[in-house]
Amino acid sequence: MFKNMYNWIDERLDITPMWRDIADHEVPEHVNPAHHFSAFVYCFGGLTFFITVIQILSGMFLTMYYVPDIINAYYSVDYLQHQVAFGAIVRGMHHWGASLVIVMMFLHTLRVFFTGSYKAPREMNWVVGMLIFFVMLGLGFTGYLLPWDDKAYYATKVGLEIAGAVPFLGEYIKELANGGTIVGAQTLTRFFAIHVFFLPGVLLALLAGHFFMIRKQGISGPL
Amino acid sequence: MAHKQDPNEKVVFIGDSRVRKRDYSNVAPPDYSAYPGKSEAFIPNFLLKEWMVGVVVLVGFLVLVIAEPAPLGYPANPLNSSFIPMPDWYFLFLYQMLKYPYTSGDYLVLGVLGLSGLPFISLLLAPFLDTGKERRFYRRPIASSLMIVSLVAVTYLTWVSWDHYQYELEVNGVTPEHIERKIKAEEAVKKGLPRPIPGREKIAAMVNADDPAFETMKQAQCIACHGAELEGANGPTLRGVGDILNKDELVATITNGKGDGMPPFKDTLSAEKIDQIATWLSTQKAEAK
């Protein structure tokens, strides 16, 4: 039956070449830890993606309970943490996953750097990867404010003061992020929007580019 | 489909749409025959192995999640002047770097652009700065040593920042709020009380509000910080303080002060007045629920 369904779609959309391209490519020996244990360093990119998927899924569940306003934000997180079934697990996954994704991405970046894989013809993919890195840091920074406890509030205040020190543009960046002159109600809704809509959108676009380029160019050869 | 189809035509008509005729002879993706060795198919062979690594990571991750609940402090209070700001750990190196004389104050621009912006921009543009054909790191001494120096610097700065934070906590006698909150919640649950929700605790009623000690407190400006009805403002509420501190501890706190917020009153208040206030405050107990 599935074969019939597949054929029905394939007749209309010609999806076989796409599927073939994803499924049928070979993985060379030098990146396969089954053959060379040291090749485990090539796992970090995949693990970064794995944790990113966890972040997206757990984040989607968190937004079912989280309320982005300064009166209720803290109490919605408190409720999520203590009253909602498995709320502590989902929030825990999002909290610790945020750190783990940075760790994995950092290791992946180091692997690419020290194996010189960013060299021609893969320059563009490195640049896109670095942009993903910055987007992830942005996600970490904006997400840190959302529980609206003292730690979140003061970290954001300090962070935006540092952003304000950038010459010429600093004050504008700061005011744009603050949504005014102080860290307050506008800042929280803005950070929520940036954390949940803007940056994930950018992230998905960049990831698509990252993966498209990997498939197009293949993985870099052995050293 | 009125017309006859030519089997060699590239385009076939299906209804009113045009779908390219498929030619399966060239959909085989490029293989890695350029790299001699034991390559294997991505799906399912390699993906299954990768998934096994993923599962091991996932199990470790969930053990961490269950063992260490995500922290939550007290609700954000912009008036809390004694809170020690701390960014998340992966920003600590930046936070620390911008504290040194030539990276802060008048030199903040140098710190932000020169020492933070420049390295990140060079990292972003690494392929265009390190353009040689050589890939092995030990044959690229400049690129590799710059990266290693940066790694050492980042590790060191992160460590210094964390160490300084621990030192500040110790000097100020501060317990991080998320830990304090957890301890208080556990204590309450142990006593059979409901888990306190910070900022939403019921404020206890004042006991013996017409006691002359309250007048003394008003004159001594206690209410400036603790609130006109002792409900708490910049300082903590004193209603129900008798549940937390006994009379001797209250005397010690009023006489010698506590932390950054509470000043000593040994010079402004006589021992008798301190005793009077402490006696009254020690009777401020919330009714047992």
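**Rings, charges and helix packing**

In chain B, the charged end of B:K218 sits over the ring of B:F214, with 4.5 Å separating it from the ring centre. This is a predicted model, and a second arrangement of this kind brings the two chains together: the charged end of B:R200 sits over the ring of A:Y75, 3.8 Å from its centre.

Rings also pair up with other rings. Counted over all chains, there are 25 aromatic pairs. One of them joins A:W148 and A:Y153, set edge-to-face with 5.7 Å centre to centre and 90° between the planes. How buried are these two partners? A:W148 has a relative accessibility of 6%, so this residue counts as buried, the limit being under 20%. A:Y153 counts as buried too, at 5% relative accessibility. In chain B, B:W89 and B:Y90 make another edge-to-face pair, this time with 5.3 Å centre to centre and 85° between the planes. Here the burial is split between the partners: B:W89 is partly exposed, having a relative accessible area of 37%, whereas B:Y90 counts as buried at 7% relative accessibility. Ring pairs can also join up into something bigger than a couple, and one cluster draws on both chains. Chain A supplies A:F113, A:F114, A:Y118 and A:W126 to this cluster, while B:F137 and B:Y138 come from chain B.

Back in chain A, A:W148 turns up again for its backbone. This tryptophan is found in the loop between α6 and α7 of chain A, and its phi is positive, about 55°, although the residue is not a glycine. A:D14 shows a positive phi of about 55° as well, again without being a glycine. That aspartate lies in the loop between α1 (2-13) and α2 (16-23) of chain A, and at 12% relative accessibility it counts as buried.

What about the helices on either side of the A:W148 loop? Two packed helices are described by the angle between their axes and the distance between the axes. For α6 (residues 123-145) and α7 (residues 150-164) of chain A, the axes come within 7 Å and cross at roughly 135°. α6(A) and α7(A) are therefore oblique to each other. On the α6(A) side, A:F141, A:Y144 and A:L145 make the contact. The α7(A) side brings A:K151, A:A152, A:Y153, A:A155, A:T156, A:G159 and A:L160, and A:Y153 is also the ring partner of A:W148. Sorted by class, the contact of α6(A) with α7(A) has seven nonpolar, two polar and one charged residues.

Cis peptide bonds round off the picture. In chain A, one joins A:A120 and A:P121, with omega about 5°. A:P121 lies in the loop between α5 (87-114) and α6. In chain B, a cis bond joins B:I43 and B:P44, with omega about 0°. Where does that proline sit? B:P44 is found in helix α1 (residues 42-67) of chain B.

Notes
Residues numbered from 1 in each chain as written. Chains lettered and ligands numbered in written order. Predicted model: local features only at pLDDT ≥ 70, side-chain atom pairs only at ≥ 80, totals over all residues. Heavy atoms only, no water. Phe/Tyr/Trp six-rings, centres within 6.5 Å; stacked < 30°, edge-to-face > 60°. Buried < 20%, exposed > 50% of the residue type's maximum accessible area, 1.4 Å probe, protein only. Lys NZ or Arg CZ within 6 Å of the ring centre and 35° of its normal. Axes fitted to C-alpha atoms, helices over the stretch in contact; angles between N-to-C directions. Helix = DSSP H or I, 4+ residues; strand = E, 2+ residues; numbered from the N terminus. Parallel < 35°, antiparallel > 145°, perpendicular 65-115°, else oblique. Contact = heavy atoms within 4.5 Å. Nonpolar A, V, L, I, M, F, W, Y, C, P; charged D, E, K, R; others polar.
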